[in-house]
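Reader: I should like to learn how to read a protein model, feature by feature. May we begin with a single residue and work outwards from there?

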Amino acid sequence: MEIAAVYENGMIRPTQLLNLKHKRVNVIIVVPDEEIFDPLDQIQNQSIKQMIISMRKIRGTKINKVNHRLRDEELFLEGLKKSRKYGL
């Protein structure tokens, strides 16, 4: 069943009344890509932006579920090494 909903001020509200059998129900929400805020868009320095993009490729995304087992610090260092900058 598809139900329309509105996201507003941190809350998702159905646009119609729902009478569900259980108090807790798992749902899937589809959000248009253009509505997702990416902090990367705020970065003006292109070399820093490229380094972050490279680190994201190493880390993977939730879509491809790369299990790298790296902590954030290790991932950052790996990104710096792969960039071959800063003498690392």
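Author: We may. Please keep in mind that this is a predicted model. Let us start with Asn9, which lies in the loop between strand E1 (5-8) and E2.

Reader: Is Asn9 buried or exposed?

Author: The relative accessible area answers such a question, and exposed means a value over 50%. Asn9 has a relative accessible area of 73%, so Asn9 is exposed. The backbone of this residue also deserves attention: the phi of Asn9 is near 50 degrees, a positive value in a residue other than glycine.

Reader: Where else does a positive phi occur, in relation to H2?

Author: Arg84, just after H2, takes a positive phi of about 60 degrees.

Reader: How should I describe the chain as a whole? How many helices and strands are there?

Author: One begins by listing the elements and then reads them in order. The protein chain has two helices and two strands. Along the sequence they follow the pattern β-β-α-α.

Reader: What share of the residues of the protein chain counts as buried?

Author: The protein chain has 88 residues, and 9% of them count as buried. Its accessible surface comes to about 8700 Å², with 53% belonging to carbon and sulfur atoms. As for contacts with a separation of 6 or more, 13% are accounted for by residues 24 or more positions apart.

Reader: Which residues make the nonpolar surface patch?

Author: The patch covers about 860 Å² and is made by Tyr7, Ile12, Leu18, Leu20, Val25, Val27, Ile29, Val31 and Ile36. Take Leu18 as one of its members. Leu18 is found in the loop between strand E2 (11-14) and helix H1 (46-59). Because its relative accessibility is 31%, Leu18 counts as partly exposed.

Reader: Let us turn to the helices. How does one check the span of H1?

Author: One compares an expected length with the distance between the end C-alpha atoms. At 1.5 Å a residue, the 14 residues of H1 should span 20 Å, and its end C-alpha atoms are indeed 20 Å apart, which agrees.

Reader: Which residues of H1 are buried?

Author: The general idea comes before the case. An α-helix has 3.6 residues a turn, so residues three or four places apart point the same way. In H1, the buried residues are Lys49, Met51 and Met55. They cover an arc of only 160 degrees around the axis, and therefore lie on the same side of H1. The cover over the buried residues of H1 includes helix H2 (72-83).

Reader: Lys49 caught my eye. What does Lys49 touch?

Author: Lys49 has a relative accessible area of 17% and is therefore buried. Leaving aside residues up to four places away in sequence, Lys49 touches Leu40 and Ile43.

Reader: And what can be said of H2: which of its residues are buried?

Author: The span may be read first. H2 has 12 residues and reaches 17 Å from its first C-alpha to its last, close to the 16 Å expected at 1.5 Å a residue. Its buried residues are Leu75, Gly79 and Leu80. They cover an arc of only 140 degrees around the axis, which puts them on the same side of H2. What covers them includes H1.

Reader: How far apart are the C-alpha atoms of Ile53 and Gly79?

Author: Here one sets the separation along the chain beside the distance in space. Ile53 and Gly79 are 26 residues apart along the chain, and their C-alpha atoms are separated by 9.3 Å. Ile53 is found in helix H1. With a relative accessibility of 25%, Ile53 counts as partly exposed.

Reader: Where is the place of Leu70?

Author: Leu70 is in the loop between H1 and H2. Leu70 counts as partly exposed, because its relative accessibility is 30%. Leu70 and Arg59 are 11 residues apart in sequence, while their C-alpha atoms are 8.2 Å apart in space.

Definitions and conventions
Residues are numbered from 1 along each chain as its sequence is written. This is a predicted model: local features need pLDDT of at least 70, side-chain atom pairs count only at pLDDT 80 or more; totals for chains, interfaces and linings use all residues. Side-chain values use heavy atoms; hydrogens and water are left out. Patches are made of residues with over 30% relative accessible area and no salt bridge: like charges are joined within 9 Å, nonpolar side chains (Val, Leu, Ile, Met, Phe, Trp, Tyr) within 5 Å. Accessible areas come from the Shrake-Rupley method with a 1.4 Å probe; for residues, only the protein chains shown count as cover. A salt bridge is a side-chain nitrogen of Lys or Arg within 4 Å of a carboxyl oxygen of Asp or Glu. Helices (H or I, at least four residues) and strands (E, at least two) are DSSP runs, numbered from the N terminus. Buried means under 20% relative accessible area, exposed over 50%, partly exposed in between (1.4 Å probe, protein chains only). The expected span of a helix is 1.5 Å times one less than its number of residues. The arc is that of the directions from the helix axis to the C-beta atoms. Contact means heavy atoms within 4.5 Å.
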